[in-house]
Amino acid sequence: MKAKYGGEILAWQPETGVAVLQLSPKETERVRAESLAGKVSQQAVAIEPKASVTSPEVEAQGSNAWAGGGMLGRGGSTSALPGTLPGQNALSWYQISLYRAHGISRKFGAGVKVAVIDTGLDLTHPMFKNRLAPATEWRDFIDNDNNPQEVSGGKSYGHGTAVAGLILQVAPRTTILPIRVLGSDGRGDTARIISAIDYAIGAGAQVINLSLGTNGWTSALYTICGAAKQKGVRIVASSGNNGMKDGITSPAQYSWSPDTVGFSFGIGSVDANDNLSSFSNYGAALYATAPGEKLYTAFPDKQVATSTGTSFAAPLFTGAIALAYSEMPNAADRANLQTYLWNSLDFTVNQKNKGKSTNVQRLNLEKLIRNLPGFTLPTQIQPGDYGLVNTNSRKCLDVSGASTSSGANVQQWTCHGGANQRWRIERAGSYYKLTSVNSGKALDVAGGPSATGTGANVDQADYVASTNQQWLIQPSGSNYQIVAAHSGKCVDVASSGTADGTNVQQWDCNGTGAQQWQLFALF
């Protein structure tokens, strides 16, 4: 191929017959002339060298939480493991029904490889522990090596780390394949993007996240996205941050194009009230939206930060695809994913967008999981760590004061993702035990097995395999009831209170919101 046409091969998919070449202007004209004469396959695409691709967050004014000195809330080191930070993003997660989706999921993205083509990652961030593809698969197309580590110094430093952190909050058992194509200033070129997509396809990625874009239509980029479709690989891209109708960047604008439809998804941003974000590009080419404002996520050097922009709405959709893939091992079902996605979107947001009502339907994860073929409620909880969120108050089950003492009160508190709100759920014979990750002590009905009355306090205590420390976790609609084995009573927020510090007790099971709990997976 190179010997015949010259230039450099950016992508070569022999199974599909697709080649993408980077040619000099003189070589480009020669190949175009031969193409017109029918001597060159139309699938061999010539492009100009050094075409510009820019992260949309850098183009937008003030839309990136850490660009240009406008960072919001960065700071504090964290030992967070994959899929943490449920509390900081609680409102957004309710908005897309993530808690409910995790409550009815089984695999949480396990077995799905997602390529993050971006500024690289902080490869040592604790959120990525045990969640990255083997290092032999990593790729850096800027330095031409296998070390796609984020490089500090630019206004988009941390962009790729933030994107990957959001994917893992939605699909916490997903495997991330890090690929670096943008510098810390958020800039790169189309040649690297095309080569990176080609590489990700060859490396076995089922989903590719592109929180970046270039203005206008780029035929070579379109061609490689079409090749991805032929190999069954989904591409999710951010729509751009210029607030323009029909200004959607490439490849996000390929959502409905003939060669990519059903496999490329352009994603815009909505705020917490389901209004289209002021910065989000939108229009007929958009596929859908997701929350994209002030989302907490990973940041280099073991930190967290808030992020705003369509770049951060896109990874929520990427995570949704990974979550759905893991629940659908059948290849034929996966091929029809676009149908399940479209039928699960929430179209009511079209009424709330200040006249910008073209294709702004929003992601709904619970509907997506329930729409998958063969869906049934799981009969068992997957082993692992969870946050437990009360549906009435939207607060988390919490050990008061982060105490490690036996007898410490269990209450509800605003979700913050701390270890005292993190519960390890494990089988204990026919029941479950719930262990506080902070203290190592078990969820317990105070007073022991004889405490069977309504209103008995729930606390934490050393685990002794007593029946007052064993629980049934039963599906209840979209949620769960947590039932004490010894009394048959439900974990209940006293008086259906919604305030921080409201006591948690056991009470006769009555199906009210005070006894309904959603699970947020923290693997």
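This passage describes the overall fold, one cavity and one buried residue of a predicted model.

Residues are numbered from 1 along each chain as its sequence is written, and side-chain values use heavy atoms, without hydrogens or water. In this predicted model, local features need pLDDT of at least 70 and side-chain atom pairs pLDDT 80 or more, while totals for chains, interfaces and linings use all residues.

The protein has twelve helices and 27 strands (DSSP runs, numbered from the N terminus: helices are H or I, at least four residues; strands are E, at least two). Of its 523 residues, 61% are buried (under 20% relative accessible area, 1.4 Å probe, protein chains only). Contacts are heavy atoms within 4.5 Å. Among contacts between residues at least 6 apart in sequence, 73% join residues at least 24 apart.

Thr174 sits in the loop between helix H6 (159-170) and strand E8 (175-180). Its relative accessibility is 0%, so Thr174 counts as buried. A polar atom of the Thr174 side chain lies 3.1 Å from the backbone oxygen of Ala171. Beyond neighbours within four places in sequence, the contacts of Thr174 include Phe108, Arg131 and Ala322.

Phe108 also helps to line the second largest cavity. A cavity is a set of points on a 1 Å grid over the protein atoms alone where a 1.4 Å probe fits but cannot get out; lining residues have an atom within 4 Å of a point. Other lining residues include His102, Tyr386 and Leu519. The lining has six nonpolar, five polar and no charged residues (Ala, Val, Leu, Ile, Met, Phe, Trp, Tyr, Cys and Pro are nonpolar; Asp, Glu, Lys and Arg are charged; the others, Gly among them, are polar).

Notes
1 Å grid on protein atoms, 1.4 Å probe; cavity = no way out; pocket = protein on both sides within 12 Å on 5 of 7 lines; lining within 4 Å. Buried < 20%, exposed > 50% of the residue type's maximum accessible area, 1.4 Å probe, protein only. Polar contact = N/O pair within 3.5 Å; in protein donor to acceptor, adjacent residues only side chain to side chain.
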